[in-house]
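Biologist: Please select one part of this model and examine it closely for a first-year student. I should like a single connected account, with each term explained where it is needed.

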Amino acid sequence: MVDSRPALVQRDGDIVEIDGTSAVAFSAVQGSYYVSVKHRNHLGVMTASAVPLSVTGTSVDFRTSATGTYRVTTSAINQSQVTVAQGVALWGGNVVYDKSVIYQGTTNDVSAIANQVKGPLNLTGAANYILNGYYTGDVNLDGRTIYQGNSNDVNYIYLNVTKNHPGNATGQNFFVIKEQLP
Ligand SMILES: [Ca+2]
Ligand SMILES: [Ca+2]
């Protein structure tokens, strides 16, 4: 890694400096680089080839499959992004930040949501308690971590693992979605 920056994802998908408006700037010398983005509870993604970066600014659009992305192998189990209605997106549901989205099995991301919801603010330990705030269990980024009930965050993990991944044709609960970074 040559350089990295903390940045802010805006609601429309733009990634900007943490001042909320400026383009993300790096201090590395002008040249061509692989560009990757990582997120606190999504799987990271990287361009398949080096992108020329200069002071004039370069747009890298990870929302379109036309932007080639790196995959460990071309096997169906290695998918760098999920196909969504708007194009392609980062795989959501990496609540336990370990480069994998897991619905069922060891180090699954679902139990982590339960643990966060059943934390000290939830005095009765209710499974349908709505935990407001900035937590990795908030998979859909609506400001609420929900384990059970309407708009729960677990369902996104379930759908990504069992329905949305081309490498899991039989819809197995224990399929592991792996981050596609070198
Ligand atoms: Ca994980
Ligand atoms: Ca949520």
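Modeller: Donors are N, O and S atoms within 2.8 Å of the metal, or 3.2 Å for Na, K and Ca; water is not among the atoms, so sites may look incomplete. The model is predicted, so local features need pLDDT of at least 70 and side-chain atom pairs pLDDT 80 or more, whereas totals for chains, interfaces and linings use all residues. Residues are numbered from 1 along each chain as written, chains are lettered from A and ligands numbered from 1 in written order, and side-chain values use heavy atoms, without hydrogens or water.

The part chosen is the site of the calcium ion (ligand 2). Its coordinating atoms come from Asp-138 (OD), Asn-140 (OD1), Asp-142 (OD), Arg-144 (O) and Asp-153 (OD), the last listed twice, at 2.2 to 2.7 Å. Along the chain these donors follow the spacing D-x1-N-x1-D-x1-R-x8-D.

The arrangement is irregular because the six donor atoms subtend angles of 50 to 164 degrees. Six donors count as octahedral if opposite donors are over 155 degrees apart and all others between 65 and 115; four count as square planar under those limits, or as tetrahedral if all angles lie between 85 and 135 degrees; anything else is irregular. Ideal angles for six octahedral donors are 90 or 180 degrees.

Burial is judged by relative accessible area: buried is under 20%, exposed over 50%, and partly exposed in between (1.4 Å probe, protein chains only). Asp-153 is buried because its value is 0%, whereas Arg-144, at 27%, is partly exposed.
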